[in-house]
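Biologist: Could we take a close look at the charged side chains of this model and then follow the chain outwards from them?

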Amino acid sequence: MKKFSQNTVRYYRDFGEFITEIGSHYRGRRALSWFTRKKEEQSRTYDELIRDVEGLRESLCARKLAGKHIALVGENCYYWLVTYLACTLCGAAAVCIDPEQPDEVIRAMLLQADVSAVFASTGCSGVCGPVLEKRPEMMGIFSLNSQTEQEEMAVGRLCREGSRLLEQCGGKTGFPVELDPEAPAAIVFTSGTTGESKPVMLSQRALLNNASESNCYVDGGIKAFSALPFCHAYGMTCAVLATFARGAELCFNGNLKTAIRDMRLSGAYSMLAVPLMGEALHSQVWLEAERRGEAEKLRGLLKKMKFR
C-alpha cells in the first residue's frame, strides 16, 4: 500500500480550546471573505470573528440558552457561522437545517429537534413562524441578516450586547460553562434520499477530530473557496473548521448563481466542492474553449500532460 506524507496537525478536545487557540495563534489574519451582489469584497479577521463569537455566546448564556438546542435556518452568511460557533462555545447544540427543504419539512425538523430558539435568514423567518404557535416556550426567531441596533432580535445587536457584558466583567465571562467533548455540538439531518430525514448528533470532539484529520493529507493553502452549505456536515467540517484549524482564509459563497463568479474573484489556492460542482466546472471550461475556438489546443495540452 502506497504511503503518503502527513502534515502536522493539532487535535482539539472541545470548541472552547479550538476557539481560544485560533484566536491567539492567528491574530490579525483574515479568516473569512465573501462578495456582495455588486462584487464588493467583505472580510473579517480572526480577531473580529472571535470577538463576535464570544459576544454572542455571552448573550446566549444571558438568555439561558446555554446547553439548549438552537436552530440555524438560512443560506451561508457571516452571522450563520458566528451563531454556530457561539452555540458550541456555550454547550448548546446547533441544529443545522437546509433552507432548500420544503416549508413543512423545515417546521417538522424544528419540532423534532426540540429547539429553544431559531436563528433564521430573512427569507426563512416566515417559514419558521408557525412553529412558535406549537411551541410557545420557544424564545423566538432571531435574524441572521439584520444588524441594526433598532432590531431587538438581530444577531449583530446580540454580539454587541454580549461584548458590553464582557467589558463590564473585565473581559471575563459572567456565565462559565464546562464543555463536554462528547456532548453534541451539532445536530444535522440526513439527506432523506432513502427515506425520511433523520437527525444525527455530532459531538464536539468528533467534529474537531474530523477537521484536523482532513488537514493531514491535503494542504489547502492560505486561501480556500467553498460554495458548500454550512448546514451540511462536509461543508462545515472540511471547508470551515479545517480552514480555521490551519489559520487560513475561507472565501465562501451564499448563492449558487454567483458561485463561479465568486470563485474567480477569490483568487483562492484551493476549492472544496462536491462532484456535481466539479462536473459543472468541467463543462464550463470546455464550453468556453469551444467558444474561443481553442478546444483542440486544450485537448493537445491535456494530452501532453497525460490527462484525459
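With which residue does Arg10 form a salt bridge, and how far apart are the closest N and O atoms?

Modeller: The partner of Arg10 is Glu17, and the closest N and O atoms of this salt bridge are 3.7 Å apart. A salt bridge here is a side-chain nitrogen of Lys or Arg within 4 Å of a carboxyl oxygen of Asp or Glu. Side chains of opposite charge can pair when their charged atoms come close. Please keep in mind that this is a predicted model, in which local features need pLDDT of at least 70 and side-chain atom pairs count only at pLDDT 80 or more, while totals for chains, interfaces and linings use all residues. Residues are numbered from 1 along each chain as its sequence is written, and side-chain values use heavy atoms, with hydrogens and water left out.

Both partners count as partly exposed, Arg10 because its relative accessibility is 37% and Glu17 because its relative accessible area is 29%. Buried means under 20% relative accessible area and exposed over 50%, with partly exposed in between, for a 1.4 Å probe and protein chains only.

The pair is one part of a wider set, since by the same rule the count comes to 18 salt bridges. Among them, Glu161 and Arg63 meet through their side chains at 2.7 Å from N to O. Glu161 sits in helix H7 and Arg63 in the loop between H2 and strand S3 (69–73), so this pair ties together parts that are 98 residues apart in sequence. Helices (H or I, at least four residues) and strands (E, at least two) are DSSP runs, numbered from the N terminus. Glu161 is partly exposed at 21% relative accessible area, and Arg63 is partly exposed as well, at 22% relative accessibility.

Another salt bridge joins the side chains of Arg299 and Glu296, at 2.8 Å from N to O. These two residues are 3 apart in helix H12 (residues 295–304), which means that about one helical turn separates them. An α-helix has 3.6 residues a turn, so residues three or four places apart point the same way. Arg299 is partly exposed, at 38% relative accessible area, whereas Glu296 is exposed, at 59%. Elsewhere, Arg30, Glu41, Lys223 and Glu249 are joined into one network by salt bridges that share partners.

From Arg63 we can step back to helix H2, which covers residues 46–62. Its 17 residues reach 24 Å from the first C-alpha to the last, close to the 24 Å expected at 1.5 Å a residue, where the expected span is 1.5 Å times one less than the number of residues. H2 is mostly covered, with 12 of its 17 residues buried, and the buried ones include Asp52, Arg57 and Glu58 as well as Leu49, Ile50 and Val53. Following H2, Lys64 has a positive phi, near 60°.

Helix H9 (233–245) can be read in the same manner: 10 of its 13 residues are buried, so the rest of the structure largely encloses this helix. Among its buried residues are Gly235, Met236, Thr237 and Phe244, and just after H9 comes Gly247, with a positive phi of about 70°.

H9 also leads us to an enclosed space. A cavity is a set of points on a 1 Å grid over the protein atoms alone where a 1.4 Å probe fits but cannot get out, and its lining residues have an atom within 4 Å of a point; points are joined across faces, edges and corners, and the volume is the space filled by probe spheres set on them. By this rule there is 1 cavity of 30 Å³ or more, and the largest cavity has a volume of about 40 Å³. Its lining includes Tyr84, Cys96, Ala186, Val188, His232 and Met236, and the elements that give two or more residues to this lining are S7 and H9. The lining has 10 nonpolar, 1 polar and no charged residues, where Ala, Val, Leu, Ile, Met, Phe, Trp, Tyr, Cys and Pro count as nonpolar, Asp, Glu, Lys and Arg as charged, and the others, Gly among them, as polar.

Finally, Asp180 lies in the loop between H7 and strand S7 (184–189) and is partly exposed, at 41% relative accessible area. The side chain of Asp180 reaches the backbone nitrogen of Glu182 at 3.0 Å. The C-alpha atoms of Asp180 and Gln204 are 7.7 Å apart, although their positions lie 24 residues apart along the chain.

Notes: Polar contact = N/O pair within 3.5 Å; in protein donor to acceptor, adjacent residues only side chain to side chain. 1 Å grid on protein atoms, 1.4 Å probe; cavity = no way out; pocket = protein on both sides within 12 Å on 5 of 7 lines; lining within 4 Å.
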